[in-house]
Amino acid sequence: MMKYEIEKRDFGSIWVHVLGKNAKQETMTIEIVHCENPGGKNSLPYAWYKNGWTDKVMETYIGCHTYVHDSEGACFGIYNPTTKLSDDGKRSVINFDWLLEDTEENQKKIIEACIKLFESATGKSATEKKIEHVMEFAKEKGLEVVSEMPKGWRKNPFATDPYGTVTIDNDKPIFANHKKNPEYKRMLLMEGV
């Protein structure tokens, strides 16, 4: 299992920084939140018990949030066993199998389950997916993809440019004498790849 560092924070939370990246070049931070039942018939633990989702009214429980950054810098709350997709697949809901009493042993269980899901992730990185999408777009539009701006060219962004690219052209007019100018050329510039 991947190694991690624990950082204790105020207000009863612990931040777990997973060291290293998974196969998809993602990084992960886990937040473990110590939750207490405030009591009364309007509390969440009471509602969970009343609806049959838990076998007792829990006095404490563990909240877990995951922050996974992909290779393009986007952040997602994935690889979290305490949540699952609803039956209709439209939203994330509590996975009551992983709603555990707040103990050090249960915290460790949840942290290790998050890391196991994180480590087992396979597939292409966000950057690989982006490059693949750009290449498909360029092929479809008949454009060449370059990583450096050729001398004498300029940026001419289009609203339809794929994320992470910009259209560039050779600074010639698109039309000449009401006809398409054969000297006009354009390409996609994808910097930083």
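This is a short guided tour of a predicted model, stop by stop, with something to select each time.

**Stop 1: the five-stranded sheet**

Begin by selecting strands 1 to 5. These 5 strands form an open sheet, arranged in the order 1-2-3-4-5, and their pairing is antiparallel. At the edges you will find strand 1 (4-8) and strand 5 (75-76), each of which pairs on one side only. As background, the strands of a sheet pair through backbone hydrogen bonds, and they can do so in a parallel or an antiparallel way.

**Stop 2: strand 3 and its partners**

Now narrow your selection to residues 27-36, which make up strand 3. How many of its residues are buried? The count is 7 of the 10, so strand 3 is largely enclosed by the rest of the structure.

Add residues 13-18 to bring in strand 2, which is joined to strand 3 by 5 bridges, the two running antiparallel. To see some of the pairing residue by residue, click on Trp15, which stands opposite Glu31 in strand 3. Then try His17, whose bridge partner in strand 3 is Thr29.

Next, add residues 60-69, which are strand 4. Here 10 bridges join strand 3 to strand 4, and this pair also runs antiparallel. One place to look is Cys35, which has Tyr61 in strand 4 as its bridge partner.

**Stop 3: a helix across the sheet**

Keep the sheet on screen and select residues 104-119, which are helix 2. Which strands does helix 2 lie across? They are strand 1, strand 2, strand 3 and strand 4, and helix 2 runs at about 155 degrees to strand 3.

**Stop 4: the largest pocket**

For a view of the largest pocket, select Gly63, Cys64, Thr82, Thr83 and Ile94, which lie nearest its centre among the 15 residues of its lining. The space in this pocket is about 230 Å³. Which strand gives the most to the lining? Strand 4 does, with 6 residues. Helix 1 (44-50) and strand 7 (92-94), like strand 4, each supply at least two lining residues.

**Stop 5: Thr54 in a loop**

Pick Thr54 next, in the loop between helix 1 and strand 4. Is Thr54 buried or exposed? Its relative accessibility is 12%, so Thr54 counts as buried, because the cut-off for buried is under 20%. Turn on its side chain and you can follow it to the backbone oxygen of Lys56, at 2.9 Å. Show the surroundings too: leaving aside neighbours within four places in sequence, Thr54 is in contact with Pro45, Trp48, Tyr49, Phe96 and Leu99.

**Stop 6: the four-stranded sheet**

Move on to strands 8, 9, 10 and 13. This open sheet of 4 strands has the order 8-13-10-9, with mixed pairing. Strand 8 (144-146) and strand 9 are at its edges with a single partner strand each, so one side of each has no neighbour in the sheet.

Zoom in on strand 10, residues 166-169. Val166 and Ile168 point one way, while Thr167 and Asp169 point the other way, and all are buried. Strand 9 (residues 154-155) is antiparallel to strand 10 and joined to it by 2 bridges. Click on Lys155 to find Ile168 opposite in strand 10, then on Arg154, whose bridge partner in strand 10 is Asp169. Strand 13 (residues 186-189) also runs antiparallel to strand 10, with 4 bridges between them. Asp169 has Arg186 as its bridge partner in strand 13.

**Stop 7: Thr167 up close**

Stay with strand 10 and select Thr167. Its relative accessibility is 1%, so Thr167 counts as buried. Display Asp161 as well: a polar contact of 2.5 Å joins the side chains of Thr167 and Asp161. Not counting residues up to four places away in sequence, Thr167 touches several others, including Phe158, Met187 and Leu188.

**Stop 8: Phe175**

Finish at Phe175, in strand 11 (residues 175-176). Phe175 has 57% relative accessibility, so it counts as exposed. Apart from neighbours within four places in sequence, Phe175 is in contact with Lys180 and Asn181. For a last check with the distance tool, choose the C-alpha atoms of Phe175 and Thr122: the two residues are 53 residues apart along the chain, and these atoms are separated by 48 Å.

Terms used:
Residues are numbered from 1 along each chain as its sequence is written. This is a predicted model: local features need pLDDT of at least 70, side-chain atom pairs count only at pLDDT 80 or more; totals for chains, interfaces and linings use all residues. Side-chain values use heavy atoms; hydrogens and water are left out. Buried means under 20% relative accessible area, exposed over 50%, partly exposed in between (1.4 Å probe, protein chains only). Two strands pair if DSSP finds at least two bridges between them. A polar contact is a pair of N or O atoms within 3.5 Å; within protein, one must be able to donate a hydrogen and the other to accept it, and residues adjacent in sequence count only if both atoms are side-chain atoms. Contact means heavy atoms within 4.5 Å. Axes are lines fitted to C-alpha atoms, for helices over the stretch in contact, and angles run from 0 to 180 degrees between N-to-C directions. On a 1 Å grid over the protein atoms alone, a cavity is a set of points where a 1.4 Å probe fits but cannot get out, and a pocket is an open set with protein on both sides within 12 Å along at least five of seven lines; lining residues have an atom within 4 Å of a point. Grid points are joined across faces, edges and corners, and a volume is the space filled by probe spheres set on the points.
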